[in-house]
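Here's a quick briefing on one helix and a few backbone oddities. Have the structure open and follow along.

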Amino acid sequence: MRTQIAIIGSGPSGLLLGQLLTEAGIDNVILDRVGKDYILGRVRAGVLEEGTVGLLDEARSAFRLHAEGLPHDGFSLAFDGRDHRIDLYELTGGKRVTVYGQTEVTRDLMITREASGALTVYDAANATPHDFDSSSPYVTYEKDGVTHRIDCDFIAGCDGFHGASRKAVPEKVIRTFEKVYPFGWLGLLADVAPVNHELIYANHPRGFALCSMRSATRSRYYIQCSLDEKVEDWSDDRFWDELRRRLPTHHAQALKTAPSFEKSIAPLRSFVAEPMRFDRLFLVGDAAHIVPPTGAKGLNLAASDVHYLFEGLREFYDARSSAGIDAYSQKALARVWKAVRFSWWMTTMMHRFPDTGDFDQKIQEAELDYLTHSRAASTALAENYVGLPF
Ligand SMILES: Cc1cc2nc3c(=O)[nH]c(=O)nc-3n(C[C@H](O)[C@H](O)[C@H](O)COP(=O)(O)OP(=O)(O)OC[C@H]3O[C@@H](n4cnc5c(N)ncnc54)[C@H](O)[C@@H]3O)c2cc1C
């Protein structure tokens with residue numbers, strides 16, 4: 001088989017890139033090691049920047065998002081038993097975020113791709129990029145016991161943190177940066193109305209909590225937990241009790257509960273691989289970087305990578321110029337590092353660390369006080385939260 005772009009990974013970055021390429025008349029094939037239902041069963045991000053929504057529009061895949069997504073003009077920082085609202089809309093001159101689950105983004109992109117007739121191969125085992133340092137790269141994979149080969153012009157490694165693309169790069173040409181945080185997030189999903197119409201990020205002596213949502217009837221809640229916690233030790237009642245303890249009283253009293261239908265623990269990590277291009281192989285999204293979810297940046301960063309790569313590939317085919325793809329890594333990384341910084345900063349400010357001493361605690365309190373009383377500081381937070389420009 002031959003295509004122009006072989007895409008490894010059918011998460012948000014692979015699907016969005018595939019759809020933009022298809023719209024531009026550039027042939028592409030997507031491979032994923034798992035099946036469609038498995039991908040749609042993964043519960044992950046839920047806060048979309050305007051730039052991400054714009055790209056989904058460009059990919060003609062935002063039809064449901066505009067009907068069902070929830071525009072949010074602000075969020076709440078809760079500490080000292082009180083709410084402190086960050087007015088995103090006012091502080092950024094009219095920008096907002098949209099709450100719409102990653103599962104739904106993925107579903108919409110899959111629907112558009114299927115309608116376009118572009119090929120996705122699910123359950124493709126051992127996908128491996130080859131010869132990407134030559135002018136004839138190709139990808140091999142196994143399906144139903146048979147090895148297949150796709151010859152292509154370029155390979156897009158959209159296969160997430162544990163994927164094969166980054167691992168195929170020789171160690172001597174890649175540099176990685178990593179910070180692992182000493183706690184995780186225990187998350188719960190339930191069909192119940194959210195406690196608040198906007199997100200609440202709570203800093204509490206017992207640990208961080210986040211009240212988020214996927215729709216007006218589906219809530220996503222998280223509490224900071226230690227890394228040795230086991231999800232089976234957390235009954236729904238135990239989770240709801242712990243969440244209530246970490247919220248200001250009026251929210252704790254208003255919290256409605258329902259049986260959970262998903263509960264999981266996610267570790268928190270910051271990770272960046274540099275560069276993001278290796279001749280004819282590009283790393284995109286989580287394959288190249290991971291951020292802790294505190295700043296709601298993971299999915300949005302995947303989208304901005306896709307934007308830079310898509311523009312570069314379009315320029316390559318339309319104008320026979322490699323300027324865009326040559327600049328891909330540098331442009332993407334400049335934005336990635338700013339989001340990595342923001343996510344690290346939000347995480348540091350909102351969580352209790354096991355080694356937090358009295359001094360660190362006082363600094364954290366001073367920072368929250370400054371942040372919520374200085375317009376300049378609140379504006380910097382808002383500007384990063386709604387997303388820096390592409
Ligand atoms: C538990 C969890 C919770 C999260 N919560 C948030 C959040 O609240 N907010 C936020 O902004 N972000 C969150 N994120 C991050 C966000 O989900 C990711 O940034 C986003 O999914 C990145 O998209 P991607 O397409 O680059 O990678 P992925 O979504 O990881 O997709 C990669 C795809 O590649 C496939 N793949 C992997 N290996 C191979 C292989 N060898 N061959 C073929 N295919 C392969 C996988 O099956 C997958 O479909 C969360 C992530 C996790 C894991």
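Helices here are DSSP runs of at least four residues, numbered from the N terminus. Keep in mind that this is a predicted model.

**Helix H1**
- H1 covers residues 12-23, and right after H1 comes Gly25, with a positive phi near 80°.
- With 12 residues at 1.5 Å a residue, H1 should span 16 Å, and its end C-alpha atoms are indeed 16 Å apart, so the two agree.
- Of the 12 residues in H1, 10 are buried, so the rest of the structure largely encloses this helix.
- The buried set is Pro12, Ser13, Gly14, Leu15, Leu16, Leu17, Gly18, Gln19, Leu20 and Leu21.
- What do those buried residues pack against? Their partners are strands E1 (5-8), E2 (28-31) and E12 (154-157), along with helices H3 (50-58), H6 (102-116) and H9 (298-319).

**Positive phi outside glycine**
- Asp131 isn't a glycine, yet its phi is positive, about 50°.
- You'll find Asp131 in the loop between strand E9 (125-130) and strand E10 (138-143), and it is partly exposed at 41% relative accessible area.
- Asp279 also has a positive phi, near 55°.
- Asp279 sits in the loop between E18 and strand E19 (281-283), and is partly exposed, with a relative accessible area of 45%.

**A cis peptide bond**
- Going from Glu274 to Pro275, the peptide bond is cis, with omega near -10°.
- Pro275 lies in the loop between strand E17 (260-274) and strand E18 (277-278).

Methods:
Residues are numbered from 1 along each chain as its sequence is written. This is a predicted model: local features need pLDDT of at least 70, side-chain atom pairs count only at pLDDT 80 or more; totals for chains, interfaces and linings use all residues. Side-chain values use heavy atoms; hydrogens and water are left out. Helices (H or I, at least four residues) and strands (E, at least two) are DSSP runs, numbered from the N terminus. Buried means under 20% relative accessible area, exposed over 50%, partly exposed in between (1.4 Å probe, protein chains only). The expected span of a helix is 1.5 Å times one less than its number of residues. Contact means heavy atoms within 4.5 Å.
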